[in-house]
Amino acid sequence: MALYVEGLSKGVANGGMAQFQETMRQQLESSMHDELEKLLDTTTGAEREVSKKDFEGFKNLFHRFLQVKGPSVEWIKIQRPPEDSIQPYDKIAARGLPDNVANSLNKLVVVKLNGGLGTSMGCKGPKSLISVRNENTFLDLTVQQIKHLNKTYNTDVPLVLMNSFNTDEDTKKILQKYTHHQVKIHTFNQSRYPRINKESLLPVSTNLRMTGQNAEGWYPPGHGDIYASFYNSGLLDQLIEQGKEYIFVSNIDNLGATVDLHILHHLVSQPNGKRCEFVMEVTDKTRADVKGGTLIQYEGKLRLLEIAQVPKAHVDEFKSVTKFKIFNTNNLWISLPAIKRLQEQNAMDMEIIVNPKTLDGGQNVIQLETAVGAAIKCFDNALGINVPRSRFLPVKTTSDLLLVMSNLYSLDAGSLNMSPKREFPTTPHVKLGSSFTKVQEYLIRFESIPDMLELDHLTVSGDVTFGKNVSLKGTVIIIANHGDRIDIPAGSMLENKIVSGNLRILDH
């Protein structure tokens with residue numbers, strides 16, 4: 001990157017800016033092409049062919065990265081979306097459901113983004129294999145939901161998992177346990193792209209192997225890669241041939257992302273010329289969601305605006321709950337024939353996310369990524385639907401895990417539903433400190449999950465443990481100072497309390 005920028009500044013000094021830039025770009029692309037060819041020469045057979053396909057996608061992304069001039073949006077051109085471009089969910093649901101729900105369901109494929117690891121929660125392997133409720137993993141709950149749908153309506157909704165090279169092997173091993181469920185499960189792999197040196201803009205890997213230090217040289221390029229890798233896998237064509245028309249895509253860790261029959265009916269009941277090719281589920285923004293991407297109108301198209309695209313001077317404005325009232329849940333409904341058309345026309349245009357990383361050895365690299373929702377502007381008759389907050393229930397931390405394991409939710413055929421005993425439909429704000437970050441540590445600190453039906457806010461910091469049958473109500477703050485420990489006794493009821501200092505119950 002530094003070499004590129006330095007070269008450009010010399011070009012400015014010499015006056016031939018545009019020509020110089022173009023020469024530099026061509027040189028970089030030529031060097032990248034040579035390096036990728038060298039990497040391909042380190043393997044043979046099927047692996048070489050797969051990598052070759054991946055590298056075609058990467059070269060395209062790298063080419064676009066070098067073309068970028070300035071910010072991807074001009075703030076002055078941003079407009080609020082027209083009223084009818086974001087429909088309230090209630091309006092969609094008010095239309096009711098047809099008698100033949102099965103016909104709609106048989107046109108649907110459920111796709112879960114399953115490329116992530118559980119490392120941020122202190123777990124090894126795919127995040128989808130972490131237990132979240134009654135020993136059920138994210139994957140178990142997903143399969144249960146679709147099995148229930150297929151059984152109830154006598155349909156054939158398949159599940160497709162987009163794995164990454166990080167999750168594929170472990171996921172495939174576990175899939176054997178679902179053989180006798182009434183759900184067809186397919187998988188395909190995200191691409192594998194090379195991380196590039198921040199200075200030279202060339203790959204840091206020396207071969208295609210995923211061992212030792214070399215493993216750090218590769219990454220899955222964000223969920224925007226779904227379109228190309230789904231198409232390249234052959235699975236897209238296979239599903240279209242089976243009469244499938246739409247995919248419902250969501251993150252596997254969003255436990256609120258279940259198949260919604262009203263949204264599906266809205267999609268399949270449109271007249272052919274007006275067919276909506278892309279629906280993004282959005283929901284009202286709270287202060288916890290200020291960094292989430294939002295929908296805007298830009299140059300006559302509905303478009304996703306992410307915080308990374310916002311000029312520094314306007315970040316506070318972007319975070320405002322009054323100006324940008326909604327955010328993207330990443331629950332998306334997309335037309336399969338439209339994906340095929342856009343892929344074949346090479347018309348899938350997504351903003352590039354430049355993600356800087358530092359490798360274990362201290363080397364600075366960048367990885368080029370795209371986001372699945374950013375393609376909304378490429379599809380015809382795209383629509384936002386403002387859905388209830390209950391459709392956005394991500395589990396990113398153990399604080400989220402505490403909520404979904406608690407009596408705030410009941411489990412029904414793989415779906416979590418807010419308990420009718422909770423007086424307010426909002427979820428409590430829970431903030432567990434660093435002693436709870438890893439799932440194993442978190443589990444040790446709770447003898448049983450507290451009663452949280454009447455909880456509004458919980459903050460826990462330091463060395464704190466909870467006995468059995470603890471009840472938390474209102475606002476509860478528990479802070480054990482460094483070197484202190486707090487044991488909340490079994491059967492305690494804490495309502496609007498601050499607990500600090502040192503509280504230890506000893507056996508005698």
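Let's start with Lys377 and Asp349, whose side chains meet in a salt bridge with an N to O distance of 3.6 Å. Lys377 sits in the loop between β16 (364-369) and β17, while Asp349 belongs to the loop between α12 and β15, so this pair ties together parts that are 28 residues apart in sequence. Keep in mind as you look around that this is a predicted model.

The two partners have their own surroundings. Lys377 has a relative accessible area of 14%, which means it is buried, because the cut-off for buried is under 20%. Asp349, with 38%, is partly exposed.

This contact has company: Arg64, Arg303, Asp349, Glu351 and Lys377 are linked in a network of salt bridges. Within that group, take a look at Glu351 and Arg303, where the side chains come together at 3.0 Å, N to O. Glu351 is in the loop between α12 (336-344) and β15 (353-358), and Arg303 is in strand β13 (residues 301-305), so their salt bridge joins parts 48 residues apart in sequence. Both Glu351 and Arg303 are buried.

Now move on to another pair. Asp253 and Lys396 form a salt bridge through their side chains, at 2.9 Å from N to O. Here distant parts of the chain are linked, 143 residues apart: Asp253 is in the loop between β10 (246-251) and α10 (261-268), and Lys396 is in the loop between β17 (383-386) and α13 (398-405). Asp253 counts as buried because its relative accessibility is 6%, whereas Lys396, at 40%, counts as partly exposed.

If you would like to keep exploring, the structure holds 28 salt bridges.

Conventions:
Residues are numbered from 1 along each chain as its sequence is written. This is a predicted model: local features need pLDDT of at least 70, side-chain atom pairs count only at pLDDT 80 or more; totals for chains, interfaces and linings use all residues. Side-chain values use heavy atoms; hydrogens and water are left out. A salt bridge is a side-chain nitrogen of Lys or Arg within 4 Å of a carboxyl oxygen of Asp or Glu. Helices (H or I, at least four residues) and strands (E, at least two) are DSSP runs, numbered from the N terminus. Buried means under 20% relative accessible area, exposed over 50%, partly exposed in between (1.4 Å probe, protein chains only).
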